[in-house]
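Visitor: I'm new to this, so please show me how to read a protein model feature by feature.

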Amino acid sequence: MNHETSRSLYDRALSVLPGGVNSSVRAAPQPYPVFADHGEGGHVADADGNRYIDWIQGLGPLLLGHDMPESVQAAVQSRAAEAPMYGMPTEIEVDHAEFVCRHVPSVEMIRFVNSGTEATVSAVRLARGVTGRNKVVVMQGGYHGAQESTLVEGDADHPKPSSSGVPQSFAQHTLPIPFNDEAAAREVFEEHGDDIAAVLVEPIQANMGIAFPESGYHETLEALCEDYGALFIFDEVITGFRIGGLQCAQGRFDVDPDLTTFGKIIGGGFPVGAIGGKTEYIEQFSPTGDVFQAGTFSGHPVTMAAGLETLKFCAENDVHDHVNSLGEQLREGLADIVADHAPAYTVVGTDSIFKVVFSRAESDPQGDPCSNGCRQDPTCGRYGECPKRGTDVADAETERYARLFRPAMVEQGVLVSQNQFEANFVSYGHTEEDVEETLEAYKEAL
Ligand SMILES: Cc1ncc(COP(=O)(O)O)c(C=O)c1O
């Protein structure tokens with residue numbers, strides 16, 4: 001496969017963009033990333049004219065794939081033609097808000113912003129404003145965007161910035177605990193309960209995973225928040241409208257968060273974020289409340305049109321059935337391949353997300369209970385060994401993934417996640433043929 005144009009574009013990019021990219025993960029592919037030219041359904045073509053089955057799908061927003069259905073395209077074009085934006089309220093923002101409030105069980109009101117990061121920044125500020133407390137519990141290996149309160153590593157006793165530029169005095173307000181560890185959650189509340197403003201958690205750890213929650217884990221977090229007067233924040237930037245269909249992951253897991261952060265799919269491929277939740281909390285945002293929140297581009301009419309029409313298309317078509325069924329075929333096929341070729345590895349994911357973690361388990365391959373992706377099921381023979389949290393994935397064979405496996409997939413015309421930590425995403429544009437070709441490529445590359 002010829003990558004000369006990508007190579008020379010990357011050469012130019014390195015002179016004017018740090019690391020040649022505008023978001024770090026895009027520079028992860030070895031030896032350099034391919035540059036996208038255009039999309040087509042579940043496929044993407046690069047700058048050299050190579051065509052790939054694309055499981056990156058914009059890192060999650062493209063639930064419908066690269067082709068916008070006619071209704072989405074028409075809405076985007078007519079909104080853009082009317083005027084790019086106004087700095088005044090528009091009807092489409094109300095329509096979109098009504099759709100989300102109607103479908104997502106815990107969401108009574110919503111504030112739209114421009115990215116998932118902005119959503120989690122505002123949600124944390126809101127929780128601090130509402131409770132008058134400073135500390136926020138996060139999960140080790142979780143990701144909530146490029147923001148000061150969550151770029152923190154270590155543990156609850158020794159939190160420290162995970163990025164240069166984040167003051168230690170900020171990090172000390174963040175309490176990282178291990179995901180899927182109820183005892184650690186209880187302990188952090190016993191020690192700091194009166195100072196904790198919120199628990200911020202991804203329903204499924206999907207940025208350094210994929211790690212599925214153990215049965216009852218979210219209920220425990222929810223109950224602790226309630227007992228101690230903290231807010232329970234579900235970060236559904238990835239899972240929102242992907243896991244659990246239109247009810248999102250909170251519907252799937254039957255939990256009732258106080259606040260939910262959204263991004264990705266709700267913008268239909270355009271920049272977006274949102275904070276939804278109970279009226280008593282969301283109304284604490286300015287102008288009704290004292291927690292300042294604002295943005296020139298928030299509720300951008302083109303984004304709102306793309307997002308709303310995307311969600312309406314999902315409501316009126318078999319989108320979730322289609323993507324979930326292909327996801328299942330992929331996970332089951334991968335479980336068989338992994339059992340033959342790399343029995344130590346773990347197939348993870350649910351609904352329309354999937355991945356093979358290059359884990360180093362020593363026992364038999366994954367058993368029946370988890371043949372469609374690890375469920376943290378205590379009856380599975382590998383329960384003790386499969387990755388339980390994002391941080392376990394860091395112990396996997398990440399170099400093998402980056403240097404050998406992923407380049408071999410690219411050469412076979414399949415784009416999988418840009419590093420070992422991100423998820424792969426199925427879209428409505430993918431087909432059973434894409435699944436079969438991808439499974440063949442895994443067989444070769446593993
Ligand atoms: C769970 C989660 N929260 C927040 C973010 C940040 O969103 P954005 O990249 O739109 O700022 C991400 C991004 O991947 C995410 O996965």
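Guide: Let's begin with the naming: helices (H or I, at least four residues) and strands (E, at least two) are DSSP runs, numbered from the N terminus. Keep in mind that this is a predicted model. With those names in hand, you can place K264: this residue lies in the loop between β11 (259–263) and β12 (273–277).

Visitor: Is K264 buried or exposed?

Guide: To decide, you count: a residue is buried if 20 or more other C-beta atoms lie within 10 Å of its own. K264 is buried, because 27 other C-beta atoms lie within 10 Å.

Visitor: And what is phi of K264 near?

Guide: Here's the general idea: most residues other than glycine have a negative phi, and most peptide bonds are trans. K264 has a phi near 45 degrees, which is positive even though the residue is not a glycine. Q57 does something similar, with a positive phi of about 45 degrees, and Q57 isn't a glycine either. You'll find Q57 in the loop between β3 and α2, and Q57 counts as buried because it has 26 other C-beta atoms within 10 Å.

Visitor: Where are the peptide bonds that are cis?

Guide: One runs from G209 to I210, with omega near 25 degrees. I210 sits in the loop between β9 and α7. A cis bond also joins S286 and P287, with omega about 15 degrees, and P287 belongs to the loop between α9 (279–282) and α10 (301–316).

Visitor: What does L62 touch?

Guide: Skip residues up to four places away in sequence, and L62 touches Q57, G269 and S427. L62 is in the loop between β3 (51–54) and α2 (70–82), and it counts as buried because it has 25 C-beta neighbours inside 10 Å. Here's a nice lesson about folding a chain up: L62 and K264 are 202 residues apart in sequence, yet their C-alpha atoms are 7.8 Å apart in space.

Visitor: Now strands, please. How do I read a sheet?

Guide: Strands of a sheet pair through backbone hydrogen bonds, either parallel or antiparallel. For a parallel case, look at β9 and β10, which pair over four bridges; A198 stands opposite L231 in β10. For an antiparallel case, look at β1 (residues 36–40) and β2 (residues 43–46), also paired over four bridges. There, A36 has D46 in β2 as its bridge partner. The hairpin of β1 and β2 has two residues between the strands, and G41 takes a positive phi near 60 degrees in it.

Visitor: Which strands stand at the edges of the open sheet of three strands?

Guide: The order of that sheet is β13-β14-β16, with antiparallel pairing. β13 and β16 (424–425) stand at the edges with a single partner strand each, so one side of each has no neighbour in the sheet. β13 and β14 are joined by five bridges, and G349 stands opposite F354 in β14.

Visitor: Which way do the residues of β10 point?

Guide: In a regular strand the side chains alternate between the two faces of the sheet. In β10, L231, I233 and D235 point one way while F232 and F234 point the other way. Five of the five residues of β10 (residues 231–235) are buried.

Visitor: What about a helix? Which residues of α6 are buried?

Guide: In α6 (residues 182–192), they are A185, V188 and F189. These three cover an arc of only 95 degrees around the axis, so they sit on the same side of α6. The face turned away from that buried side carries the exposed residues A183 and E190. Among the elements that cover the buried residues are β5 (135–139) and β8 (174–177).

Visitor: How many residues surround the ligand?

Guide: 14 do, and the closest are S115, G116, T117, G145 and V237. Helix α4 (residues 116–131) gives the largest share of this shell, three residues. By class, the shell has three nonpolar, nine polar and two charged residues.

Visitor: Last one: how is the chain divided into domains?

Guide: Domain 1 is 4–67 + 319–445, and domain 2 is 70–316. Their centres, taken over C-alpha atoms, are 25 Å apart. The contact takes 27 residues from domain 1 and 28 residues from domain 2. On the side of domain 1 that touches domain 2, elements supplying at least two residues each include α11 (319–341) and β13 (346–350). The residues of that side divide into twelve nonpolar, nine polar and six charged.

How values were computed:
Residues are numbered from 1 along each chain as its sequence is written. This is a predicted model: local features need pLDDT of at least 70, side-chain atom pairs count only at pLDDT 80 or more; totals for chains, interfaces and linings use all residues. Domain bounds come from an automatic or database domain assignment. Two residues are in contact if their C-beta atoms, placed from the backbone, lie within 7 Å. Ala, Val, Leu, Ile, Met, Phe, Trp, Tyr, Cys and Pro count as nonpolar, Asp, Glu, Lys and Arg as charged, and the others, Gly among them, as polar. A residue is buried if 20 or more other C-beta atoms lie within 10 Å of its own, exposed if 12 or fewer, and partly exposed in between; C-beta atoms are placed from the backbone. The arc is that of the directions from the helix axis to the C-beta atoms. A residue is near a molecule or strand if its C-beta atom, placed from the backbone, lies within 6 Å of it. Two strands pair if DSSP finds at least two bridges between them.
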